[in-house]
Amino acid sequence: MTEITPDQNGELKLPDGFLERRNLTSQSRFWLDERGGDLILTPVRPDARKLYIEVTTACNLNCLTCIRNSWTDPHRHMDEQTFRHILEGIPKLPELERVIFTSFGEPLVHPDLIGMIAAVRELGLDVTLGSNGLLLSDDVCRKLISLGVDQLVVSIDGGKPETYKGIRGTQLQKIIDNLENLKKLKMDLQVTKPTLAVEFVALESNLHELTDVLNLSSALHAARLIVSHVLPYTAELNAEKLYGYGPREPLFSGSWPVQSDVWLRWGVVETPRMSWGAERRCRFVQDKSLVVNWNGNVSPCYALSHSYDYYTVDGVLKHVGEHSFGNVNEQPLEEIWMNQEYSRFRSNVRAFHFPSCPDCDLRETCDLRQNNEACWGLNPSCADCLWAQDIVRCP
Ligand SMILES: C[S@@+](CC[C@H](N)C(=O)[O-])C[C@H]1O[C@@H](n2cnc3c(N)ncnc32)[C@H](O)[C@@H]1O
Ligand code: SF4
Ligand code: SF4
Ligand code: SF4
C-alpha cells in the first residue's frame, strides 16, 4: 500500500508511479464509491475489450437445451439503425479487440450478417462467429474466409446422428459436410482462418459421445473443443445436469495435433468445473466484455441479457430479469460502458461482492434469491451464477 497525504491546499494527489502503472494520468477521471467501509476509486475509461452482438433472437433450429424454449421474448432481428449505433461506438472504445457475433439465436439467419461482419472487419477488429453450422454454405464459408473471420464456433452436442438429432432436431451429417467443405476450402486457399472450435453442451444423455465428438473435432481440424455444462432452463434439463453442489469426477480430457500457420500445435478440450466452489470469477467482466442485444440493450453478460427461469446448482427454481445499463439507440455505447451504475456493477463483480446462496441456510426458501436479488443489497445478484463458477461456459 502507498500512503497518500493531502497537500497544503488539503487536496489528495495520486502518486505518479501509481498512475503510470495503470495507464492513468493526473487528468484521469474516477468514480468514487464505498464498499464494506473502504473507499473505491474506479477509473472512468472506455476500456472495453470484447463486444458480443446478438444480431437476432430468431433461429432455424429448436434445440432441446435452448433458452428460447423457456422465454417469452420475441424472435427478432437487430435493425440497421441499432447496428449503425454500435458501429459508431466502436472507434470510441479504442481498446476493443474482438466482436463476437452470437448470443441467443442463430446469427446466420440474419439477412445481413455478412455485411455486418464486413463492417466490423473494416474497423480492424477480430471477429468470432458462433453458429449451429447449418447455414455454412460454400458461399458463406468463402465470404468468412475472404473477410478474415478469425474464429468459428460450431455447436455439436452429439457424436451419433440419433443423439445429435434428439437434441438439435436436425441431421449431424449436414453440419459435418459443411465443416468438411470449410476445411477443404481453407486447405485449397492455404489459409488457417477461421480456426474452428466445437462447442459441446454435456448432458447425462450425451456424455458417452464426448469421445466421438473429440474424434470428429480432430478430423475437422478444430483447434478447440469447448465443453460446457447445461444451464437448466427446465425441470427435464435439471434432471440431465452432470454437476452438483458436492465434488464430482472430472468429465474428460484429451488433445490432438492441429496445423496452425507454420506451426503444428495441439487442439485441446476445455472442460468445465464439476461442482460449486469457493472461487468465483466472472470471465465476462474480467475480459472487459459487453453484450448488445438485438434491440440495442447493453448488458454485462449473457446471464443478464434476457429474462428467463432456471434451476440453481442446488435445484431451486429462480427467475432472472434482463438487466441492461443503457440502450445504444438512446446513448452512445462508450457512455453506457463508463456510466456510474455499470462501472459500479463491474467493480462489485471484480471483487465478487455477493453472498453465496447455495451455501446459505435460507437457500431453499429465500424469495430474494428466487428473484435473482441478494441480501447484501447489490442487484442484480451474481450469487448463484454458473458462469462465474466456470460450470457454464461460452467462447
Ligand atoms: C444459444 S447458442 C447460439 C449460437 C448458435 N445458435 C448455436 O447453437 O451454436 C450459443 C451456445 O449456447 C449453447 N447452449 C444452448 N443451450 C444451452 C444450455 N441450456 N446451457 C448451456 N449452453 C447452452 C449452444 O449449444 C451454443 O454452443
Ligand atoms: S441453434 Fe442455437 S439458438 Fe438455435 S435453438 Fe439451438 S442453441 Fe438455440
Ligand atoms: S440472498 Fe442472502 S439470505 Fe437469501 S439465500 Fe442468498 S445468501 Fe441466503
Ligand atoms: S457473474 Fe454471472 S451474472 Fe454476474 S456479470 Fe458475470 S456472468 Fe453475469
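Modeller: A residue is called buried if 20 or more other C-beta atoms lie within 10 Å of its own, exposed if 12 or fewer do, and partly exposed in between, with C-beta atoms placed from the backbone. What you see is a predicted model, in which local features need pLDDT of at least 70 and side-chain atom pairs count only at pLDDT 80 or more, while totals for chains, interfaces and linings use all residues. Residues are numbered from 1 along each chain as its sequence is written, and chains are lettered from A and ligands numbered from 1 in the order in which they are written.

Biologist: Which residues of helix H11 are buried, and what puts them on the same side of H11?

Modeller: In H11, residues 340–350 (helices, H or I, of at least four residues and strands, E, of at least two are DSSP runs, numbered from the N terminus), the buried residues are Phe345, Arg346 and Val349. The directions from the helix axis to their C-beta atoms span the arc, and because that arc is only 95°, they are on the same side of H11. After H11 comes Phe352, with a positive phi near 40°.

Biologist: What makes the buried residues of helix H5 lie on the same side?

Modeller: The buried residues of H5, which runs over 161–168, are Tyr164, Ile167 and Arg168. Their arc around the axis is only 80°, and therefore they share one side of H5. Gly169, which follows H5, has a positive phi near 70°.

Biologist: Is His221 buried or exposed, and how do you know?

Modeller: For His221 there are 21 other C-beta atoms within 10 Å, a value that meets the cut-off, so His221 is buried. His221 lies in the loop between H7 and E8, and its phi is positive, about 60°, although it is not a glycine.

Biologist: How do you know which class Lys288 belongs to?

Modeller: Lys288 has 18 C-beta neighbours inside 10 Å, a count that falls between the two limits, so Lys288 is partly exposed. Lys288, in the loop between H9 and strand E11 (289–292), also has a positive phi, about 55°, without being a glycine.

Biologist: Why is strand E8 called largely enclosed?

Modeller: Five of the six residues of E8 (224–229) are buried, and so the strand is largely enclosed by the rest of the structure.

Biologist: How do you know that E7 and E8 pair, and what is the handedness of the unit they make with helix H7?

Modeller: Strands pair if DSSP finds at least two bridges between them; E7 (residues 195–202) and E8 have six and run in the parallel sense, with Phe200 bridged to Val227 in E8. Together with H7 (residues 210–219) they make a right-handed β-α-β unit, a term that applies if, with the strands pointing away from the viewer, the path from the first strand over the helix to the second runs clockwise.

Biologist: What makes the shell around ligand 4 count as polar or nonpolar?

Modeller: Ala, Val, Leu, Ile, Met, Phe, Trp, Tyr, Cys and Pro count as nonpolar, Asp, Glu, Lys and Arg as charged, and the others, Gly among them, as polar. Around ligand 4 (C-beta atom within 6 Å) are residues including Cys282, Phe284, Leu304 and Trp387, and by class this shell has 12 nonpolar, no polar and no charged residues. The shell around ligand 2, with Cys59, Arg68 and Asn132 among its residues, has five nonpolar, three polar and two charged residues.
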